[in-house]
Amino acid sequence: MMRREDKVVFELHSHSKFSDGFLSPSKLVERAHGNGVKVLALTDHDTMSGVPEATEAARRFGIKIIPGVEISTMFSPRIPEAEEPVHILAYYSSGGPARSDELEKFLANIRDGRYLRAKDMVLKLNKLKLPLKWEHVTRITGKGVAPGRLHVARAMVEAGYVENLKQAFARYLYDGGPAYSTGNEPIVEEAVQFIRETGGVAVLAHPWALKNPVAIIRRLKDAGLHGMEVYRSDGKLAVYSDLADAYGLLKLGGSDYHGRGGHGESELGSVNLPVLALHDFLKVARPIWYRAIKDIIERYAEEPSDLNLAMITKFGGTKILKGNSATSCGKDLVDRCLSMWLTTEERQAAEFEAIKVKLSCVEINQGETRVPIESH
């Protein structure tokens, strides 16, 4: 048996303060490191805003970050009564999504809906004679963070209307509960297709929480779903493993860590993913991520604007530093990015050489400094 410290531990489902987690991305990375995690996917709800901070912190601890997001969607069958919320995990390359500006608009629309949804929940609680204040929810949520059910539940606990978070959900906030509400969630098939279009791997989150998992999995397989969560800290769930096999889906899993504490939460890195499952995941992911990275770099080569330059540096942990030397200003930016994001074999592909030839005359502006990116 391998000792835990000898294993490359993947944690593929975690949340920070940028959605409904309790820890900052930096603290999350620090805790992951303490638990022996080597590869961490930050998958906040409907936002990737915490990824740059996580990537920066990960450098200090020798951890690899997979930029991710958990997207809130709605499954809408022909029978309206069978409609239910579905969460889809998206995993992107180290360079982030291709067309990340389009993904950001897609996510921003969902986040706008989260504000409306949370306000409606507070209104429903008020009608149920629980005079919760909206200001209380936003104070807990934090500036610039779209509120979720967990923030409403925390406000209910603090106000003394329920004893704990579990009770808030069990009595009021569960799917279809008396204070439950929906927002601007896209149709789940659309989200899966959009993840694919932006260079991501699409995975169904916690299928055991669904009322009608078989119908949803069948529909999502047709839409291009890559995988589903099967593993938890308490082991593999056989029924969902069998479903994944039946539909030819990757079998993954993660702790869904929020940092709220208590006995009901799995610890970061506590899900023991088999080596074969990780191998299958990377076998599917690498070609998808390769194409996304090529698209990001190619887009900049075709139009070397500041906006397209920002797309390269946004998620990948690459900074253009101010200074007078060519190196400090990112003379070999693309080479440095590719060396971090791709294998040696992938970097040597002819198409990347052609892109670098295009970029050999392009200059990066950083303040007063103009530095050419030269192909090597």
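This briefing describes the fold, the nonpolar core, one enclosed strand and one helical residue of a protein chain. The model is a predicted one. The chain has 376 residues, of which 52% count as buried. Its secondary structure comes to 14 helices and 10 strands.

**Overall fold and surface**

- Among contacts in the protein chain with a separation of 6 or more, 68% join residues 24 or more positions apart.
- The exposed surface of the protein chain is about 17400 Å², and carbon and sulfur atoms supply 52% of it.

**Nonpolar core**

- The largest nonpolar core contains 69 residues.
- Leu12, Leu40, Ile88, Tyr91, Leu204, Met228 and Phe281 are the residues with the most contacts inside this core.
- Helix H10, which spans residues 275-302, gives the most to this core, contributing six residues.
- In soluble globular proteins, nonpolar side chains tend to be buried together.
- Leaving aside residues up to four places away in sequence, Leu204 touches ten residues named here in chain order: Val86, His87, Ile88, Leu210, Ile217, Leu220, Leu225, Gly227, Met228 and Glu229.

**Strand E4 and its partners**

- Strand E4 covers residues 84-91, and it is largely enclosed by the rest of the structure because eight of its eight residues are buried, the cut-off for burial being under 20% relative accessible area.
- Glu84, Val86, Ile88 and Ala90 point one way from E4, while Pro85, His87, Leu89 and Tyr91 point the other way; the residues of both sets are all buried.
- Strand E3 (residues 64-75) runs antiparallel to E4, and eight bridges join the two.
- Within that pairing, Val69 stands opposite Ala90 of E4.
- E4 also pairs with strand E5 (residues 201-204), again in the antiparallel sense, over four bridges.
- Here Tyr91 stands opposite Val201 in E5.
- Two residues of E4, Ile88 and Tyr91, are among those with the most contacts inside the largest nonpolar core.

**Asp101 in helix H3**

- Asp101 is found in helix H3, which comprises residues 100-127.
- Asp101 counts as partly exposed because its relative accessibility is 23%, and the partly exposed class lies between the 20% and 50% cut-offs.
- Asp101 touches Arg299 and Met311 when residues up to four places away in sequence are not counted.
- Although Asp101 and Met311 are 210 residues apart in sequence, their C-alpha atoms are 8.1 Å apart in space.

Technical notes
Residues numbered from 1 in each chain as written. Predicted model: local features only at pLDDT ≥ 70, side-chain atom pairs only at ≥ 80, totals over all residues. Heavy atoms only, no water. Core = buried A, V, L, I, M, F, W, Y, C linked by side-chain atoms within 4.5 Å. Buried < 20%, exposed > 50% of the residue type's maximum accessible area, 1.4 Å probe, protein only. Contact = heavy atoms within 4.5 Å. Areas by Shrake-Rupley, 256 points an atom, 1.4 Å probe, with all protein chains shown as cover. Pairing = 2+ DSSP bridges.
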